[in-house]
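Subject: Structure for you to look at

Hi there,

Here is the structure I promised to pass on. Please open it alongside this message, and my notes follow below.

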Amino acid sequence: MYGQGRNEALVSEVLATNRDKIFLATKFGFRYRADGTTYFDGSPAYMKTAVEASLRRLRIDTIDLYYAHRVDPAVPVEEMVGAMAELVKEGKVRYLGLSEASAASIRKAHAVHPITALQNEYSLLTRDVEAEILPLCRALGITLIPFSPLARGLVTAALDPEELAPDDFRRTLPRFQDAHIGNNLRLTEALAAVAAGKGITPAQLALAWVLAQGEDVIPIPGTKKRKYLEENAAATDVILTTHDLATIDGILKQYPDVGQRYNEGMQKLVNH
C-alpha cells in the first residue's frame with residue numbers, strides 16, 4: 001500500500017486493523033509555497049519533520065519503505081540518504097527508496113545505505129530506464145517500481161484527450177499536445193488491436209508488458225475505481241509470448257514520435 005501526504009489520513013483507517021497484512025510505502029520531499037506552487041526539499045531537517053508527520057497521520061510506529069520523492073540538487077545525496085539511514089537505526093523506517101534519481105545518485109546513495117527500491121516512470125511509452133537505470137538496479141539488487149505504467153492513461157484506449165478538464169496537468173505534457181497526440185492515438189489503436197486479439201483490455205496488455213520485463217519490476221498503476229483495480233490486478237494472469245512482445249516492439253517502432261513525458265519545467269526536477 002502506498003500513501004503520501006493527505007492520502008495518509010485515509011490509509012490510516014485501513015492500517016488500524018490490517019497492519020500485519022500491509023507493506024506500506026510513502027515519500028517525503030515536496031513542499032508548498034505560499035502561492036501554491038511546489039518545490040523539493042531534500043534536507044535532513046525537513047526529512048525529520050516529514051517522517052514524524054507521516055507517522056502521526058498514519059498512526060503507526062514504522063514505515064516499511066520510505067522514499068525520497070526526488071534528489072535535491074542543493075543537498076548532496078549522501079547527506080540525504082545518511083539522514084534517512086538514521087531513521088532505519090531509530091526503527092521509524094525499515095527500507096529506503098529513491099525516486100527519479102540518476103545513475104550517479106543511485107550509486108552514491110547505495111554506498112551510504114542499501115537502497116531497496118527505485119521509483120521511476122516506465123511504460124510502453126517511457127523506456128529510458130532500460131539504457132542505464134534498470135541494469136544498475138539489477139547489479140545492485142534494487143527493485144524497480146514503475147509509476148505511470150499506463151502512460152497516464154494514454155495506452156488504455158479509454159482516454160479522450162479532448163475531454164480532459166481544463167486544469168488537468170496532463171494538458172501540459174508534450175504527449176498530450178498537438179505535436180505528438182496524433183502519433184500516440186494511432187499507436188494506442190494498434191496496441192488495442194493486439195489486446196483484443198488476446199481477449200484482454202489495452203490496460204492489461206500494457207501492465208503485462210511491464211511485468212514481463214522481470215520479476216524485479218513491480219508496477220504501481222493508480223486508480224480511483226474498484227473496477228479498474230480489478231482489471232489491473234488481472235493483468236498478472238496475462239502471459240505475453242515472444243511473438244506478442246515482438247509485435248508490441250514493432251508497433252512502438254512504427255509510431256516513435258511519442259514525445260517527452262514531462263514539460264521542460266518538470267523535467268528539471270528529475271535525474272539529479
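A word on terms before the helix notes: contact here means heavy atoms within 4.5 Å, and a residue is called buried when its relative accessible area is under 20%. Please also keep in mind that this is a predicted model.

I began with helix α6, which runs over residues 178-198. From first C-alpha to last, its 21 residues reach 31 Å, close to the 30 Å expected at 1.5 Å a residue. Its buried residues are His180, Ile181, Asn183, Asn184, Leu187, Thr188, Leu191, Ala192, Val194 and Ala195. Residues three or four places apart on an α-helix point the same way, because there are 3.6 residues a turn. The cover over the buried residues of α6 includes α7 (202-211) and α9 (242-254). Just after α6 comes glycine 199, with a positive phi of about 75°.

Next, the interior. The largest nonpolar core has 75 residues, and those touching the most other members are Phe28, Ile63, Tyr66, Met80, Leu98 and Leu118. Beyond its neighbours within four places in sequence, leucine 118 is in contact with several residues, including Leu98, Ile106, Ile133, Cys137 and Leu144. Another core, of 5 residues, lies apart from the largest one, with Ala25, Leu65, Ala117 and Ile145 among them.

Finally, the second largest pocket holds about 230 Å³ of space. It is lined by 14 residues, of which Asn120, Asp128, Val129, Arg261 and Asn271 are the closest to its centre. By class, that lining has 6 polar, 5 charged and 3 nonpolar residues.

Happy browsing, and best wishes!

How values were computed: Residues are numbered from 1 along each chain as its sequence is written. This is a predicted model: local features need pLDDT of at least 70, side-chain atom pairs count only at pLDDT 80 or more; totals for chains, interfaces and linings use all residues. Side-chain values use heavy atoms; hydrogens and water are left out. Helices (H or I, at least four residues) and strands (E, at least two) are DSSP runs, numbered from the N terminus. The expected span of a helix is 1.5 Å times one less than its number of residues. Buried means under 20% relative accessible area, exposed over 50%, partly exposed in between (1.4 Å probe, protein chains only). A nonpolar core is a set of buried Ala, Val, Leu, Ile, Met, Phe, Trp, Tyr and Cys residues joined through side-chain atoms within 4.5 Å. On a 1 Å grid over the protein atoms alone, a cavity is a set of points where a 1.4 Å probe fits but cannot get out, and a pocket is an open set with protein on both sides within 12 Å along at least five of seven lines; lining residues have an atom within 4 Å of a point. Grid points are joined across faces, edges and corners, and a volume is the space filled by probe spheres set on the points. Ala, Val, Leu, Ile, Met, Phe, Trp, Tyr, Cys and Pro count as nonpolar, Asp, Glu, Lys and Arg as charged, and the others, Gly among them, as polar.
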